[in-house]
Amino acid sequence: MSEITLAVSGKAATELFNTLQSTFTFSKSDSGNFGPFSASYSVALHLQNGSFTLNNDGTVEVQHLQVVWDTLTAQVCFNLPGFCIGGFCIIPTPFGCALRLPKFCIGGPICIGPDLSGLLVSDVVDFKSGVVPRYFIDPQRAPGITDLAAEFAGHSNQWQIFLDPTNVAVDPVDIPATIDNLIENLIKNAIENAFPFIPGWAFDLLFDLLGPLLDLFTSLLGIVGPINDWLENLLFNQFGLLTAVETAIADYFANKYPIWQFEDPYPILPASNGLIPVKIPVRSLAVTIDASEMIVSADVGP
Amino acid sequence: MMMNTQLQLQALFARTDLDSAGLTLLSAIAHHCGIAGTMTGEVTSNGVTVASFQLIVEESGAPSQADIDLSALASGVPSSSGSSGCGCVPAGAASTVFRTGKGGYALFYVASGPQAYAVRMTVVHSKSPGFDSTKLGPGDLFTVSPLRPGRYQAINSEIDQTAEVQVLYPDPSGKRARGQLEPERVRVTEKGFEKAKIVVRGAQGIVFVIETSARIQLRLQEPDDGPSGPRTPRRPGTLRSKLIEMSKPKP
């Protein structure tokens, strides 16, 4: 049996990878209840800046890859106590309060939606990977038809070469501490929207009663520590968003889109002058890598 | 924000005049229960009886407070059947019987709605005087929590005595947590109000300690609309739209 060898230069391999990373997209949304508050999020992202290197040890290396969070919106809803009346001691005694007025609050749920879309970038930890050839049988190919008929129908079988990353890790998103200002403005705006019917003096009284809005927010939601850390933890750990993104990237490279693919039988000569194209079946494909090129070798012939 | 909340708040802000003869969201009366026995009470609103209840003052029980939400009684859902003071609705205990120990207090308050209520209680099988919230007597306590900033006149219409009450304009910056403010306490005697001028912040309580026959009224004389002057309720909008509006070049 004859053999065929195809070589892809390092530069060409980089071009193939650039195409691969530029077509990656990911979007997800979810919601959950966390006791004193409920939350939801919506994200969409793409990849950029990745560089691709062939190594002498038979691996490829992806470096400087970044996740760009094109859409990153969250919504947090909680109950605002609103106007609280009473609760004070009517008859104080040295031993405590002998008579206390019941306290009741008139408020309701409000929601804030911090929008960090287009503001954040995460680094993907550099990773090494092998490459794996797989044979893809087009499920839409009609049974029993010839390879030529399948080609004309656009359903040729394919040899595909995938990256095989064993582990993809994305660095946690670093939400800046200045998110506090945004949160404070969002709460104030949400309160104003929640009570559009009350007079101006009542707003001033309400904000006086509520005190510092960030303190109120952290108290109501049971947030310990900085708000930016809490939001990072909520989105990326409690919702498992970081793991979902890592899995999506790894799955994309390993299973969804090959770095290179070609049809089987492999075209040698195109159709011309009324003659059908010349194609040869490819079997037992193997891929080897060194620092200068990626070499694909296979048996050819029936 | 739910419609019910909107109605509640509109009722809250519409209420600027307060009267011990008509309890509302912003006022309450504590009646001292010095004699053991059973009292029957009736709640009226605009002169119409809207609910009745029973208060049992136990000889051996520890003095405590019976929280009686008049709005809940009027709506048929009493908020408390005893003296826990929790203000919650005990499961399956839609009782109209309240208990306290001798020396305790019956605390009448209104937790919801725009209505004003009065209470009358009579002692069963006794010639002892009962209680009429339209005419307070020694030992009773009347509390108010005015919200609207401004200058008020406090009047004891039973003996025609007055005092001035000033509700300070709030700090709109909300930079400091004010916490729970202790109420101002004012004795009301036959000579008049203990203090000629009472200064409080919005929602801070005033406790009138009644030592004579009294009907206490607070009437808004001069509203204070703060440094920005009167403002109408705003229209809802989003922060994004506000930011876009702010970023537009000024002509």
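In this predicted model, the side chains of K102(B) and E59(B) meet in a salt bridge, with N and O 3.4 Å apart. The two partners come from distant parts of the chain, 43 residues apart. K102(B) sits in the loop between β6 (97-101) and β7 (105-109) of chain B, while E59(B) belongs to the loop between β4 (48-58) and β5 (65-69) of chain B. Their surroundings can be compared through accessibility: K102(B) is partly exposed, at 36% relative accessibility, whereas E59(B), with a relative accessible area of 55%, is exposed.

Chain B offers another such pair, between D132(B) and R120(B), whose closest N and O atoms are 3.6 Å apart. Here the partners lie in strands: D132(B) in β9 (residues 131-132) and R120(B) in β8 (residues 118-123) of chain B, so the salt bridge ties together parts that are twelve residues apart in sequence. D132(B) counts as partly exposed at 24% relative accessibility, and R120(B) counts as partly exposed at 42%.

Turning to chain A, E263(A) forms a salt bridge with K279(A), and the closest N and O atoms are 2.5 Å apart. E263(A) is part of strand β13 (residues 260-264) and K279(A) is part of strand β15 (residues 278-280) of chain A, so this pair connects parts 16 residues apart in sequence. Is each partner buried or partly exposed? E263(A) has 21% relative accessibility and counts as partly exposed. K279(A), with a relative accessible area of 18%, is buried because its value falls under 20%. The pair also belongs to a network, in which salt bridges that share partners join E151(A), E263(A) and K279(A). Over all chains, the count comes to 16 salt bridges.

Helix packing gives a further view of chain A. Two packed helices are described by the angle between their axes and the distance between the axes. Helix α3 (residues 179-194) and helix α5 (residues 213-221) of chain A pack at an angle of about 90°, with axes 9 Å apart. The range from 65 to 115 degrees counts as roughly perpendicular, and α3(A) and α5(A) are therefore described in that way.

Which residues make this contact? From α3(A) come D180(A), I183(A), E184(A), I187(A), K188(A) and I191(A), and they meet L213(A), L214(A) and F217(A) of α5(A). By class, the contact of α3(A) with α5(A) holds six nonpolar and three charged residues, with no polar ones.

Key: Residues numbered from 1 in each chain as written. Chains lettered and ligands numbered in written order. Predicted model: local features only at pLDDT ≥ 70, side-chain atom pairs only at ≥ 80, totals over all residues. Heavy atoms only, no water. Salt bridge = Lys/Arg side-chain N within 4 Å of Asp/Glu carboxyl O. Helix = DSSP H or I, 4+ residues; strand = E, 2+ residues; numbered from the N terminus. Buried < 20%, exposed > 50% of the residue type's maximum accessible area, 1.4 Å probe, protein only. Axes fitted to C-alpha atoms, helices over the stretch in contact; angles between N-to-C directions. Parallel < 35°, antiparallel > 145°, perpendicular 65-115°, else oblique. Contact = heavy atoms within 4.5 Å. Nonpolar A, V, L, I, M, F, W, Y, C, P; charged D, E, K, R; others polar.
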